[in-house]
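User: I'd like to go through the labels people put on a model like this one and see what stands behind each. Can we take them in turn?

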Amino acid sequence: MATPAATAAPSVPPSLSLPPSQFARLQPHAYLLAHLCPPSASNQPSIRANGRAPSQFRVTSANAGSLTHTNGSAVVRIGDTAAVCGVRAELLHTEDIASWSVSQASGSNKRRRLADLGGKPSEEEDDEDTEEDRAHIEDLNLLVPNLSLSTGCAPGFIPGAAPSALAQSLSHQILSLLHSTRLVRADDLRVWYQPPNLGPEEPERHNEDEPMDMDAEQSATAEEKPREIKAFWVLYIDIMIISLAGNPFDAAWAAVLAALRDTKLPKAWWDVDNETIVCSDSVADARKLSLRGLPVSSSFGVFEADAAAGWRAHVIPDVTEQEQKGKKGSPERWILADPDGYEEGLIQERASIVVDKEKDGKTTIVRMEKNGGWTVDTEDLRQLVEISGRRWDEMKRILDQC
Amino acid sequence: MSKEASLSVAEREFILEALRQDSRLDGRRADQFRPLNISFGEEYGHVKLELGKTRIIVRISSEVTKPRDDRPFDGLFNINLELSAMGSPAWENGRTNELEAYVTHVLDSVIRRSNALDTESLCILKGVSCWSIRADVHIIDYDGNITDAACIAIMTGLQHFRRPDAVVRDGQVVVYGVEERVPVALNITHKPLSITFNTFNEGHNVILDSTRKEEQASEGELVIGINNGGDVCFMSKFSGAPIDAMEVVTQSKVALDKVKEINAQIEKVMQTDLAKRAKKGMAEESRATNDREI
Amino acid sequence: MSAPLILLPGDEVLRDHLPSNNSNPLKLGPGLRLLSQPSSKSKAGNHVLTATQAGLVTTDAKRNTVSILSFSNRRYIPTVNDLVIAQIHHSSIDYFHCMVTPHTAHALLGQLSFEGATKKTRPMLKQGELVYARVLSIGVGAGAEVELTCVNPATGKSEPGGLGPLVGGMVFDVSTGMAARLLRASSSSSEQSDTIDGLTVVSELGKKLESLGGFELAVGRNGKVWVDCSNAGDSAIKATIAIGRCLQTTDEKNLNPADQKKLVTRTLREMNLAS
Amino acid sequence: MVGPTASLSNLSRADGSASFKCPTTGCSVLGSVNAPIELPARRDALKPEEATVEVFVKPGNTTAGVGERYVEGILRTMLQKVILGRERGFARRGVVITLAIIGGDAVERGDSYLTLLPALLQTALLALLSAAVPMSMTFSTALLAVTKSGDIISDPSPVDAKTASSLHVLAFSSKGHLLLNESQGRFDFDTWEFVRERAYSTCRGAVVAGSDGDIAMDEEGEEGRADGFIRETVEDHLHRDYAWKIDSA
């Protein structure tokens, strides 16, 4: 173990040592271990090879509105990982939606198509009636995220290759999080039309076509015609990881969040004469999306002192034994926040937590994942949720400034 | 290594020699199919088929979509086949291979393009909405002749499937849940099946329903798609050794007999299953009324 | 013997299940591994035997071995000294490259690893031909190559087991579990009993087909059985098919000895071979 | 309540296989394992020292999309940890796991895969056991939903899962470690702790008392417990396979 000492105290290099950069490449595990667990003789603090404390995130910056030809965009950098997100809004006419004219007869509540929303004018104010939001956004696919890992973002990403499993999996995670957090309100995406009340002329016109029945007469005279949805905005959310140095999800999600906060939709209305949707090109008419909350994602990786613990011919201790052991002695693992590319190569067990904070400062967990190992359990997760809460404050400051 | 491991010399020679003596490894006659076993899952159109050791699962599903712009009166029908490592270790997941393309082509020709499923009957509202019917074929154990087996399974599934009832009211399409209105059977115009012949020993031996090892030892293949009425809707002499033209004619007769026999079997298992369902449905209904009375 | 002990991966094999013969070191079969207990509270050098596969624990007190009998349909993994039936894939200057199980790396068989083989007399095996061989070594480390031999390195002879090229006949696929049983049945002396490891099908076939001139059988641990009935003349093909069907049916349906006898009688009658 | 059903080694070509049916979600999964085999197309991506685990999820009546890639990632990460990829014959080879959803509704685009995850994990485990792939331990899984009113339900029906305020999938190893947690929805940490406790008892039958002092869980037999179910399925099958040996002993 002469080499780790050498990296810790480079002023007196022993004759047969490697420079730290080479040691890092040849023995990555031992190199990181030497930093996190310095020999007790040298009064070095336990620190990661990249100079961060275990629970420290990399320097994060966000910049919104950087792309001009989108409805909203953002660039987020977390250390050397950089993600660009552009949001493009396109109109989808309800007549082009095959399932729009379909209503499920009562009884099957599995997929409720709410074709006659206009019949319930109260739903507009009712913010908590999220079921309709869900139905519209999810069933009609109004949010379409697509993540690509661009050529050269890291070695191994070659031009012309099919979207990698990683890219597809990240796309799904973003979509799934957009759905489960209900970040975007369906009402922001609806284009309504209020048919004018034509008064007494209408029954006459009707008479020309077909004989009036009682029902229609009643509804026509009783109150004004219900509003109807003529179109939806579909948001194409394209994310590009332009540089990948570990932890792509946090960067991608932050970019999506910043871009959606930046997104402005033009004012759009139904033109009766031309039977089409018309958009205003005045910037003043455009309005921002009113997002629900600010879910922030924090990812962690577990670095184990014994790299081979998983397959070595040792008995894997039972949980109870492990707890007894964990209390005494030096830690055998470190939970590293926001792992960089180098650290990710040495990590098997990961955790990812997405939290949001309410106005009173209470932390709500929106997603919590852990996989790939057996060392992280309740106590660690509780700490990670706390760290994620602090990260939320930091990210809110960064996103509010951009 | 997307190919099956090749046969050993001993196996190839033995299979050929046995055929010369009119024997097959499993004791079948040349024109005999392996035991065919068809059963159904809980849902309509969920078929589990066993043909000897070849096993297939077919699932039929439906959804409402927009018809194609150039065919506003037609619904959609697609057959989807993807070979996975489950059926054979020789097949790699996520990669297409020649066999997959070939079998898909035969199934498409025999069933879809012969219009066995009347796609016009799938139209709900012209140019606006129609049914899209999808057949997913899972080959879960491959021991030869997946073409014929898949054909039988898909045709059984199409006949067994029931889609929800839908009506047009005031320009609105109303889809009824299964519990509200009796679901509707698909409109099947005819019942074609494919029959695959394999030839051996310079065309002296022609057998039906080859196992995987017999397929590997075979010199040529002839596929005939034919329905109960004797209308040939597909014929392929894709590769391998040439076949005498007259042989094709005589084998068409063999194919016709086979198709009639198999279609009769399909009909029988299907009626049994549907009767069972009807009985179960009635029992449930009466239980429901009893509950109400109490 | 107590109730059968069936373990799942990670389960410990308790000491009272192990053979108590202390004079020889205990030999471990596949599916088991010895783990050291790193915990400091117990004495150093404390070892625990755990299962890595699900299966039935079997012990052999005579040979002082313990192993796990797992699912019979599993893939064969070469083990030193196993007898296998390998298929030649291609040959290079020094080696024949053989397939032991499909879709795995080829095993190597030395061009001279045959009884009495010299540069001039070595067999010229072509693609697709079969050999009955013994696993010589499985190599160490990653990318290790399996090496086969058709000669006993100690004696230079192809005995025991009749190693070497298999000419003519037919090979049938059986499960690896069945192959292991057939091998055990054929290695025990046949005078003891007709039924070994629950198998009577082979001896039954032997009795019934004796009049036709008998047959030759070679069992490969990799799930292959080679059958040759060339003595049976005109009935050779039918007899071979009958043997193959009996073996495969016994395997697939997991028949008990009584049903195996019935199967043999029925199959031979169907094939018009009943004597 | 009707428990899940499973059977082992039901396919003949695959090295190992299993089918699993969960009555509450109506989902049934067929799984196959081929191992150890060569993965020629991915030779450069193989790790030299270990086996490469490949997972492929095939939906029953749609085309696979990004959701399948995501759930494959979860399965692979988790299974890689329990498979002993350095055992003899496995280094530099592939363990190919194929899971086909052959019954029940498909997961729609962007929908949560959590409701299917337990069935996929159980099937994969059983198929791995059937293929005799060496593993350091087994595991068991639980799916739980927290309703809007704060109740925790095990094995929620598809409707319950859709309306739940949060959904959780947990997996515990046969030694009691928390191997996997996937939680989604809105919840706080205290809720999660209750969920974990409940999941632990469905997986492994706990004797832990509720922290608010209410009834201590009875120590149930292995019946009804997720880990007991795996063991019984394996034992039943092996008893049949080795009847010739067990009966003669």
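Analyst: Sure. A residue is called buried if 20 or more other C-beta atoms lie within 10 Å of its own, exposed if 12 or fewer, and partly exposed in between. One caution before we use that: this is a predicted model.

User: What makes E3(D) mostly covered?

Analyst: The count does: 11 of the 11 residues of E3(D) are buried. Each of those residues therefore has 20 or more other C-beta atoms within 10 Å.

User: And which strands does E3(D) pair with?

Analyst: E2(D), residues 16-22, is joined to E3(D) by seven bridges, and the two run antiparallel. E5(D), residues 94-103, is joined to E3(D) by eight bridges, again antiparallel. Pairing takes at least two bridges, so both cases qualify. For landmarks, D:Ser19 stands opposite D:Leu30 in E3(D), and D:Ile37 stands opposite D:Gly94 in E5(D).

User: What happens in the hairpin of E2(D) and E3(D)?

Analyst: Four residues lie between the strands, and D:Gly26 takes a positive phi near 70°.

User: Which elements of chain D supply at least two residues to the side that touches chain C?

Analyst: E3(D) is one of them, together with H2(D) (117-130), H5(D) (226-241) and H6(D) (243-248). H5(D) gives the largest share, six residues. The whole contact takes 38 residues from chain D and 29 from chain C. By class, the chain D side divides into 18 nonpolar, eight polar and 12 charged.

User: How does the contact between chains A and B look in those terms?

Analyst: There, 15 residues of chain B are in contact with 10 residues of chain A. On the chain B side, E3(B) (54-65) and E9(B) (172-175) are the elements that give two or more residues, with E9(B) giving the largest share, four residues. The classes on that side are seven nonpolar, five polar and three charged.

User: Staying in chain B, why is B:Pro183 called partly exposed?

Analyst: B:Pro183 has 16 other C-beta atoms within 10 Å. Buried would need 20 or more and exposed 12 or fewer, so a count of 16 lands in between. B:Pro183 sits in the loop between E9(B) and E10(B) (184-185). Leaving aside neighbours within four places in sequence, B:Pro183 is in contact with B:Tyr44, B:Arg162, B:Arg163, B:Pro164, B:Asp165 and B:Val178.

User: How far is B:Pro183 from B:Ser61, in sequence and in space?

Analyst: They are 122 residues apart in sequence and 13 Å apart in space, C-alpha to C-alpha.

User: Now the helices. Why is H3(C) called roughly antiparallel to H4(C)?

Analyst: H3(C) (236-253) and H4(C) (257-270) pack at an angle of about 150°, with their axes 10 Å apart. Angles over 145 degrees count as roughly antiparallel, so that is the label for this pair. The crossing is right-handed. C:Ala242, C:Arg245, C:Cys246, C:Thr249 and C:Thr250 in H3(C) meet C:Gln260, C:Leu263, C:Val264, C:Thr267 and C:Leu268 in H4(C). By class, that contact has five nonpolar, four polar and one charged residues.

User: And what makes H5(A) oblique to H8(A)?

Analyst: H5(A) (165-181) and H8(A) (248-262) pack at about 45°, with their axes 11 Å apart. Roughly parallel needs an angle under 35 degrees and roughly perpendicular needs 65 to 115, so about 45° is oblique. This crossing is right-handed. H5(A) contributes A:Leu170, A:Gln173, A:Ile174 and A:Leu177, while H8(A) contributes A:Pro248, A:Phe249, A:Ala252, A:Trp253 and A:Val256. Those residues divide into eight nonpolar, one polar and no charged.

User: Back to chain C: what makes E1(C) and E2(C) edge strands?

Analyst: Four strands form an open sheet in the order E1-E5-E6-E2, with mixed pairing. E1(C) (6-7) and E2(C) (27-28) each pair on one side only. Take E1(C): two bridges join it to E5(C) (55-60), running antiparallel. Pairing needs at least two bridges, so E1(C) with E5(C) counts. C:Ile6 stands opposite C:Leu56 in E5(C).

User: How many helices and strands does chain C have overall?

Analyst: Four helices and 15 strands. Of its 275 residues, 42% count as buried.

Methods
Residues are numbered from 1 along each chain as its sequence is written. Chains are lettered from A and ligands numbered from 1 in the order in which they are written. This is a predicted model: local features need pLDDT of at least 70, side-chain atom pairs count only at pLDDT 80 or more; totals for chains, interfaces and linings use all residues. Two residues are in contact if their C-beta atoms, placed from the backbone, lie within 7 Å. Ala, Val, Leu, Ile, Met, Phe, Trp, Tyr, Cys and Pro count as nonpolar, Asp, Glu, Lys and Arg as charged, and the others, Gly among them, as polar. Axes are lines fitted to C-alpha atoms, for helices over the stretch in contact, and angles run from 0 to 180 degrees between N-to-C directions. A crossing is left-handed if the near helix is turned anticlockwise from the far one by less than a right angle, and right-handed if clockwise.
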